Amino acid sequence: MPKISRQFCGTPPCPALIKHPINKKLPGPTCEDCVLPARTLCTDVRMAATLKLLKPLGCRAFCSPFACSATQSVAYWNVGGGTRRRGQDPPGHSSLCHPAKKVENIHSTSSFQRILATGGALLSLEFSRASASKASTLKPGSPRAMKVDEEDVEVFDSFEDPRAFLQLRPEYQLHSYNRSEPCQPLSVSEGKLILRRVTVYQDNLQPQIIADCFCKLSAVPAEQLPVLLPSASFSVLCELSVKNVQLFDTPDLISILKAFVSLGIPHSHSMLDVYEARFCHKVWDMSLDQLLLVADLWRYLGRRVPRFLKIFFSYLNLHWKDLSLSQLIHLIYIIGENRQAPQDLMQKLESLILKYIDYIMLEEAGTICLGFFKSSSSLSEFVMRKIGDLVCADMQHLSSYALVNVLKMFRFTHVDHVNFMKQFGQIAPQRIPSLGVQGVMHLTLACSALRILDEGVMNAVAASLPPRVAYCRSKDIAKFLWSFGTLNYKPPNAEEFYSSLINEIHRKMPEFNRFPEHLLTCLLGLAFSEYFPIELINFTLSPGFVRLAQERSKFELTKELYTLDGSVGIECPEYRGNRLSSHLQQEGSEILWNSARKDMISKPEFLEALFLLETMLGGPQYIKHHMILPHTRSSDLEVQLDVDLKPLPFNREATPTEDVAKLRFKHVGVSLTDDLMNQLLKGKSGRHFQGEIESKTGQHPMELEKKAAVPLGAMEVAGLCSPACVQTPQVKLAIQLTNKNQYCYGSRDLLGLHNMKRRQLNRLGYRVVELSHWEWLPLLKRTRLEKLAFLHEKVFTSAL
């Protein structure tokens, strides 16, 4: 990829940033070799997490899957629960597990026949590959192995970190897999002896013995497994298990699945197809504890099992009321990790959350939010406020991981819990330095989505990022820039903050090529903040990247490309690089206009403002509802005034052709004086108010209102009105009807996109007239005359 120089266009928002160019060197390679650092970094972090997973795992050989004691010490299972004093035993449920029913249900399926036909050669080949891969990651004493023990906040174990809640209650051990359960390790020589006996006695082995062999072998230390798994004897054992799979009872099947986890069987191994099919047939014969444990084991294997889960969810639709609190929380975790669940089931689970809300612990609240978030399932505002109240009661003892998850759900549901966000603003700045960049990104994005500008939080984010910007993925960089741009906030260290992130965009260009939507998000966030790195813009608007964005991204990016292109055209007059084709500009304009028009005409407050403005100005030809700046995604009401500040009939589209010839330059209507306006806007009522109007005008208010309906600026034109008759406007007004979603929460500070729009309107010579929601909406309840007076003052005072 060609090296991209670092230059800016447009009016620099931060002169220091231009004085000290963006291309100052950060530690690490340049753009030409940027493939390596991103890949190496990701590999290091991923490897560290993998090594954690490959520590010697626990063994449950010859044990019932439910043999774990439910009476382990409180000191063990209360870890992570904080100091929260909440009831921990919800009524109506026992912590005892339900024994599995013994049912012999033999079926012959095509998957069984297929796996038997493969023979030992395929099994041996698959295990050879898996073992070789595992061996390459298990060199004791290697730098990567030692990296696991370093206190590195960027190392995230995607299996273990979300499972902290499983230590909160002993009941979780009844239906979850615990790989750290102690057991007596088995030596390699003992493992080889077991496999030798399997080969010798393979024709006489009973299903129970086969299951026991797997359990024993799972006790071999992980670093020694590459010696055993590729052997022909182990392939024989796997073939025997497949051949006898229909003869295993449920506890044996579960024991074998646990052994597969410990042995590190590849999630794509064809043998697992057979076991998934068998578990599908056993769903209706299993208890809730067993079903949850099996789903948990599939999660540990890293294998998606949609068929099993579909049947499991059908079972739950009938038995959801039987779920205990621990089963409910664990089920929500499993649903989230598998990213799927029927919405009708999720609604039932929400009702159970309300049932158990007084017994839910802090970390469990985080698990609930993460499960619903990952499965794209919403929670009602009522439930989210309950969860917010729960967390607010003891937020300082909530783990940062759970805090991020709760924020994700507030972001997803757009629920504004003021007390939660206030407490969050107090504790987040201290926690941000110890959070990984992905966690920091989610905190920042939540603030942006909820429109909450907390300068303490944003400053802490901006201060923590530059030293560890290399850990950011392309997605993280995009969300950081988008969030700061959306909130229209520049931190005290803006120069260092933006320099480091823009530099990292250059370093990660290969990654941005794989995710083109992230590059567009970066540049739009920068544009909101008045940063226009022309080399990146030139690359992004090039035909090659535009084609890449349309073909490779799963998102429709025409609107984003159009918004960037339109902003560059206005704010970077000296820019001579690539621009969007006229065809795509037209396509983007049509898409955005259709959306904006439908949005505005569905709002009664907008329609009333439009009708009253037409009435006041003289008709539809004096006002135009359109997108003055189509790329900014919202529409305006444009009004043009002449040198005498009288409306011009510029909207010829709204003027019927047969009426054009009848227009004459003659001012008609009622003069609303300043004194009268002051009286109207004072909001006086009753007969006293009516008397004042009559004394000013000599007319009854109803008569005045009727005359006010006559165009205040109506013009009549003698003869045909040619284009030459249309005067050049002295003042162009862009009238905007705003709503609360265009501002930061609880403030009158515009968000980035809307602030950028006003900035660009001003550059084009427009004066922005705002009909703010805090003024216009209350006025809708007042008289028509008062509304006309308000609009008259807004339009003509703004023009002065």
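The exercises below work through helix packing, a salt bridge and confidence in one structure.

This is a predicted model, in which local features need pLDDT of at least 70 and side-chain atom pairs count only at pLDDT 80 or more, while totals for chains, interfaces and linings use all residues. Residues are numbered from 1 along each chain as its sequence is written, and side-chain values use heavy atoms, with hydrogens and water left out.

**Exercise 1.** Determine how helix α10 and helix α12 are oriented to each other and which residues meet.

Solution. Begin with the axes, which are lines fitted to C-alpha atoms over the stretch in contact, with angles from 0 to 180 degrees between N-to-C directions. Helix α10 (residues 250–263) and helix α12 (residues 288–301) have axes 9 Å apart and pack at about 20°. Since angles under 35 degrees count as roughly parallel and 65 to 115 as roughly perpendicular, α10 and α12 are therefore roughly parallel to each other. Next, list the contacts (heavy atoms within 4.5 Å): residues of α10 including Ile254, Leu257 and Phe260 meet residues of α12, among them Leu293, Leu297 and Trp298. By class, the residues of this contact of α10 with α12 are 10 nonpolar, two polar and one charged.

**Exercise 2.** Work out the orientation of helix α30 and helix α37.

Solution. The axes of α30 (residues 604–617) and α37 (residues 784–798) come within 10 Å and cross at roughly 75°, and the two helices are therefore roughly perpendicular to each other. The contact involves, among others, Phe611, Leu612 and Met616 of α30 and Leu788, Leu791 and Phe796 of α37.

**Exercise 3.** Find the parts of the chain that the salt bridge of Glu530 ties together.

Solution. A salt bridge is a side-chain nitrogen of Lys or Arg within 4 Å of a carboxyl oxygen of Asp or Glu, and the structure holds 24 of them. In one, Glu530 pairs with Arg759, the closest N and O atoms being 3.7 Å apart. Glu530 lies in the loop between α25 (516–528) and α26 (534–540), and Arg759 lies in helix α35 (residues 752–763), so the pair ties together parts that are 229 residues apart in sequence.

**Exercise 4.** State the average pLDDT of the chain and a stretch where pLDDT is below 50.

Solution. The pLDDT, the predictor's confidence in each residue from 0 to 100, averages 75 over the chain, and 70% of the residues score at least 70. Over residues 657–671 the pLDDT is below 50. Where pLDDT is low, the predicted coordinates should not be read in detail.

Technical notes. Helices (H or I, at least four residues) and strands (E, at least two) are DSSP runs, numbered from the N terminus. Angles under 35 degrees count as roughly parallel, over 145 as roughly antiparallel, 65 to 115 as roughly perpendicular and the rest as oblique. Ala, Val, Leu, Ile, Met, Phe, Trp, Tyr, Cys and Pro count as nonpolar, Asp, Glu, Lys and Arg as charged, and the others, Gly among them, as polar.
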